[in-house]
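Colleague: I should like to learn how to read the features of a structural model. May we go through them one at a time?

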Amino acid sequence: MSAKDQAHALPENSGIYMMKDASDTVIYVGKAKNLRRRVSSYFLSGRDAKTSALVSKIDHIDYIITGNEYEALVLENNLIKKYNPHYNILLKDGKSYPMIKITKEDFPRVFKTRRILPDGADYFGPFSQGKQLETYLELIRAGYHLRLCHGDLRKRQSPCLYYHIHKCLGPCIGGVTSEEYCEEVKEIREFLSGNDQKSLIRLREEMMRDARELRFEEAAKKRELLKSLETVIAEQAVQDATGESRDYAAVEMRGPLCTVAIMQIRSGSLVGRALYRAETMGDETETLLSFLIQYYSDGDSLPNELYVSHEIDTELLTRYFREELHMSLYIAFPKEGKHYRILRMAEVNASEDVEKRMCALDNTPALERLRELLGIEKVPLHIEGFDIAHLAGKYTVASLIVFKNGNPSVKDYRRFNIKSLDGKIDDFESMREAVTRRYTRLVNEKREIPDLILIDGGKGQVHAAVDMLEIIGLENVPVVGLAERNEELVFPDDRPNLVLDRADSALRVLIAVRDECHRFATSANQRMRSRDASFALLESIEGVGKARSRKIMEACGSVEGILELDGPALAKKCSIPLDVAERIIHKLTL
């Protein structure tokens, strides 16, 4: 029995399903309210190329019936931990930024960590550049005498090597009282928090003394330490892991590639960022839900509030936290306001990461297959794609995206605000304008012409593009359309539309171009609407009119850019009165 037949034979109960390959290895675990309906959906003919390609790896399907969807959720999480399936998102793939931790003990330790725990310790960071953190720790080890042993302090008869080389005060042998030891810790804590300059002054004096005494190598080392520390002090802040705590979780997918970004806010400041990666069969919603269950399953870093980028089943997730972790959590899907703006930053982090991963893929065989399929002379190493997005005829935008060697070249993306429609809805005319503007410029500037142009649409859009290319003198550039209804390839000549197998590597390249084009066009449209809304929001604040709102937006770029500044910095950057700047910050953070 084929995997598809097995799917159709599943019961209509809630439960979990395990997809396995020919070697009986679990490659994906999922949950469902209705097993038959959910699993059968993977095998529908209209599914995207990503799903079809992954489904082709399924040899057979096992399942376990549960009493309800909640039991399925708990079981799914346990099985993901047990089998580590390739196409589920796994926490081991995460990349988080480290912090410096000062433990809450009679004789505290200072060390690097990547997790914030509710243990009363002090956390400093995050450090986006590991070299800065190591510089900090190097100074602490050189200038202070804290213990370097792990875990709880144990009494010893004789001290370790660090005591003998004057790197530790020897609390294990009673060489220092807790009060004396904590005086050094206090100085480190104040220094890390930016509230005390004694260590900087001491380091600068030592550097000058080394230089006077001709110890130039030591002086140069202290100079580099000093520069790094001054930079870090300006950027980092201490957090005590108490009070207000919010997390923001955003998921972004490009084909089978998925990245989840987490941003942690503690006591009003950003203290942690992390990226988690996967190749997955799931969509954004189920992937994000599964990730959050794994991420918070130990209960150590659960915030008071959680804001998510997709409308996941919040009731199910809240129940899991309440019954499994005995903790309550507020979960929301914001569409505007402060939390939406912070969530947008997480989305940008996730989007940039997944695009970098796409660029690392080798698509050479797929491009060769595409050349043969389209009957063109050159392997299409340089593909340009067009899409049109609008909202009821307003904010019409044509997006141009560029793929090189089968991967996105984001720096070459362009947007064209369509000017010729006067409020009308006309995708054909929009396509003519965008193609004309793009390739007239390339010809005039003698820049590289693409090997293939992909149009998101049918015959009408394809012919509109070809007509303009002929006028410009680029009639030999291959053009193909991709009609979304059946993922049909549409040719500009009299060849019939071509329907390929969903797992065909050439089709997957074209779908990747089309999907990226659509995403870019839609995001541009949303940004234009958001920009209008931002102007309106600014102009509602006392002291901000049209001219001043334009000036602020030009200086900061977006509302998110404004929120990265405090009142004095905003006033200076935009040359506006301080009281107006502070009113703006207050209004935007309500």
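Colleague: Is F291 buried or exposed?

Modeller: This is a predicted model, and every value that follows is computed from it. F291 has a relative accessibility of 1% and therefore counts as buried, the cut-off being under 20%.

Colleague: How many aromatic pairs does a search of the whole structure find?

Modeller: The search finds 13 aromatic pairs. In general, a pair of aromatic rings is described by the distance of the centres and the angle of the planes. One of the pairs is formed by Y276 and F291, whose ring centres are 5.1 Å apart and whose planes lie at 50°, a tilted arrangement. This pair links distant parts of the chain, since Y276 belongs to strand β11 (residues 269-279) and F291 to helix α10 (residues 284-295), with their positions 15 residues apart in the numbering. Y276 is likewise assigned as buried, because its relative accessibility is 10% and the limit is under 20%.

Colleague: Which aromatic pair is edge-to-face?

Modeller: Y307 and Y330 form such a pair, with 6.2 Å from centre to centre and 70° between the planes. The two residues come from distant parts of the chain: Y307 is in strand β12 (residues 305-308) and Y330 is in strand β13 (residues 330-332), 23 residues apart. Their surroundings can be read from accessibility. Y307 has a relative accessible area of 5% and is therefore buried, whereas Y330, at 48%, counts as partly exposed.

Colleague: Which residues form one aromatic cluster?

Modeller: The cluster consists of Y276, F291, Y295, Y296, Y320 and F321. Y276 and F291 were met above as a tilted pair.

Colleague: How should I read the packing of two helices, and at what angle do the axes of α14 and α15 cross?

Modeller: Two packed helices are described by the angle between their axes and the distance between the axes. Here, helix α14 (residues 427-444) and helix α15 (residues 459-472) have axes that come within 8 Å and cross at roughly 30°. The crossing of α14 past α15 is right-handed. On the α14 side, the contact includes D427, F428, M431 and R432; on the α15 side, the residues include G460, Q461, A464 and M468. By class, this contact has 10 nonpolar, 4 polar and 2 charged residues.

Colleague: Where does R254 lie, and which residues does R254 touch?

Modeller: R254 lies in strand β9 (residues 245-254). Its relative accessibility is 8%, so R254 counts as buried. Not counting residues up to four places away in sequence, R254 touches S351, V354, E355, M358, E516 and R519. R254 and A512 are 258 residues apart in sequence, yet their C-alpha atoms are 7.6 Å apart in space.

Colleague: Is E516 buried or exposed?

Modeller: E516, in helix α16 (residues 505-539), has a relative accessible area of 2% and is therefore buried. Leaving aside neighbours within four places in sequence, E516 is in contact with R254, E355, I401, F403 and Y413. E355 appears in the contacts of R254 and also in those of E516.

Colleague: What share of the residues in the chain is buried?

Modeller: Buried residues make up 49% of the 590 residues. The chain has 20 helices and 21 strands. Among contacts with a separation of 6 or more, 63% join residues 24 or more positions apart. The chain exposes about 28,900 Å², of which carbon and sulfur atoms supply 48%.

Methods:
Residues numbered from 1 in each chain as written. Predicted model: local features only at pLDDT ≥ 70, side-chain atom pairs only at ≥ 80, totals over all residues. Heavy atoms only, no water. Axes fitted to C-alpha atoms, helices over the stretch in contact; angles between N-to-C directions. Helix = DSSP H or I, 4+ residues; strand = E, 2+ residues; numbered from the N terminus. Left-handed = near helix turned anticlockwise from the far one by under 90°. Contact = heavy atoms within 4.5 Å. Nonpolar A, V, L, I, M, F, W, Y, C, P; charged D, E, K, R; others polar. Buried < 20%, exposed > 50% of the residue type's maximum accessible area, 1.4 Å probe, protein only. Areas by Shrake-Rupley, 256 points an atom, 1.4 Å probe, with all protein chains shown as cover. Phe/Tyr/Trp six-rings, centres within 6.5 Å; stacked < 30°, edge-to-face > 60°.
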